[in-house]
Amino acid sequence: MTVFRKWTGDSSMNRSTDKAIAVRNLEKRFGSFVAVDRISFAVQRGEIFGFLGPNGSGKSTTIRMLCGILKPTDGEGQVAGYDIITQPEAVKQTIGYMSQRFSLYEDLTPRENIRFYLGIYNVPAGSWKDRIDWVLDLTRLREVRNALTRSLPPGWRQRLALGCALLHSPEVLFLDEPTAGVDPITRRHFWDFIRRLAMEGITIFVTTHYMDEARYCENIVMLNEGRIVAADSPENIIQTACPGRPGATLDDAFVALMTRKSGKNS
Ligand SMILES: Nc1ncnc2c1ncn2[C@@H]1O[C@H](COP(=O)(O)OP(=O)(O)OP(=O)(O)O)[C@@H](O)[C@H]1O
């Protein structure tokens, strides 16, 4: 089954579409505290892109700016060809977002959650039945569609949350620690699915604390105290951060890069 099936043929808007994401000198201050410090990077369409960093390094703040939810204090950015500052509503309609909390209503059934998100994403009512069937098959949740979401195991709720994030056929999918709290087999299935999405042209922007998962990414940006400390393929990051250590892993590279203190905000 094709994972990604459009319900609308609208790709005619005048957008520059060579890059899925492009940011330049993006900054977010909270008062005098600099949470994101003039970062620049680009993500190609259909790429799986990892955004890594320790707690508090600015990952979620960056995602919130890229999703058009939080206004940057400086810099600029485009997502799916839309300006994150002047066209935040267009950005929101073009992206999917899934957080580690899954953003589901636990007291609703999967079917009711899906209907809720169809409304949020302004999917035309005429397509709803089709989309509900599509997502129930995609997530393999048809048999439990009328159970309470609260009663489902974490891996099932994860599939439902991902399905809801795909209902409006987004061009860019933001995944903020999507596998936190799920078991290794479920994580493996999740990543198989993410790779299929990317092969169909969806751009994946993912944060994770699991370095084995980060190896699935074609390119990675590592953030520390709001600043980019590495931006490259996983292999190149390892080589650069751990020279002369042939068996070094991405974990080793992460630790090496994060322990080089910048002294910022201290
Ligand atoms: N609304 C806010 N007001 C003040 N400070 C904030 C606000 N939102 C985030 N911060 C601060 O900005 C910094 C970056 O936070 P952010 O949530 O982006 O980090 P993160 O890398 O996503 O961390 P985690 O991995 O724990 O989710 C933190 O020090 C956080 O306390």
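This passage describes a sheet, the surroundings of a ligand and a pair of packed helices in a predicted model.

The sheet is open and consists of four strands in the order 2-1-4-5, with antiparallel pairing. Strand 2 (33–44) and strand 5 (82–83) occupy the edges, and because each has a single partner strand, one side of each is left without a neighbour in the sheet. Strand 1 (residues 19–30) is paired with strand 4 (residues 74–79) in the antiparallel sense, and five bridges join the two; within this pairing, I21 has V79 of strand 4 as its bridge partner.

The ligand is surrounded by F30, F33, A35, G53, N55, G56, S57, G58, K59, S60 and T61. At least two residues of this shell are supplied by strand 2 and at least two by helix 1 (59–66), and it is helix 1 that provides the largest share, three residues. In character, the residues of the shell comprise seven polar, three nonpolar and one charged.

Helix 3 (residues 110–120) packs against helix 4 (residues 128–138) at an angle of about 130 degrees, the axes of the two lying 10 Å apart. Angles over 145 degrees count as roughly antiparallel and those from 65 to 115 as roughly perpendicular, and helix 3 and helix 4 are therefore oblique to each other. The crossing of these two helices is right-handed. On the side of helix 3 the contact involves R111, I114 and L118, which meet W128, R131, I132 and V135 of helix 4; of the residues in this contact, five are nonpolar and two are charged, with no polar residue among them.

Notes. Residues numbered from 1 in each chain as written. Predicted model: local features only at pLDDT ≥ 70, side-chain atom pairs only at ≥ 80, totals over all residues. Pairing = 2+ DSSP bridges. Near = placed C-beta within 6 Å. Nonpolar A, V, L, I, M, F, W, Y, C, P; charged D, E, K, R; others polar. Axes fitted to C-alpha atoms, helices over the stretch in contact; angles between N-to-C directions. Parallel < 35°, antiparallel > 145°, perpendicular 65-115°, else oblique. Left-handed = near helix turned anticlockwise from the far one by under 90°. Contact = placed C-beta atoms within 7 Å.
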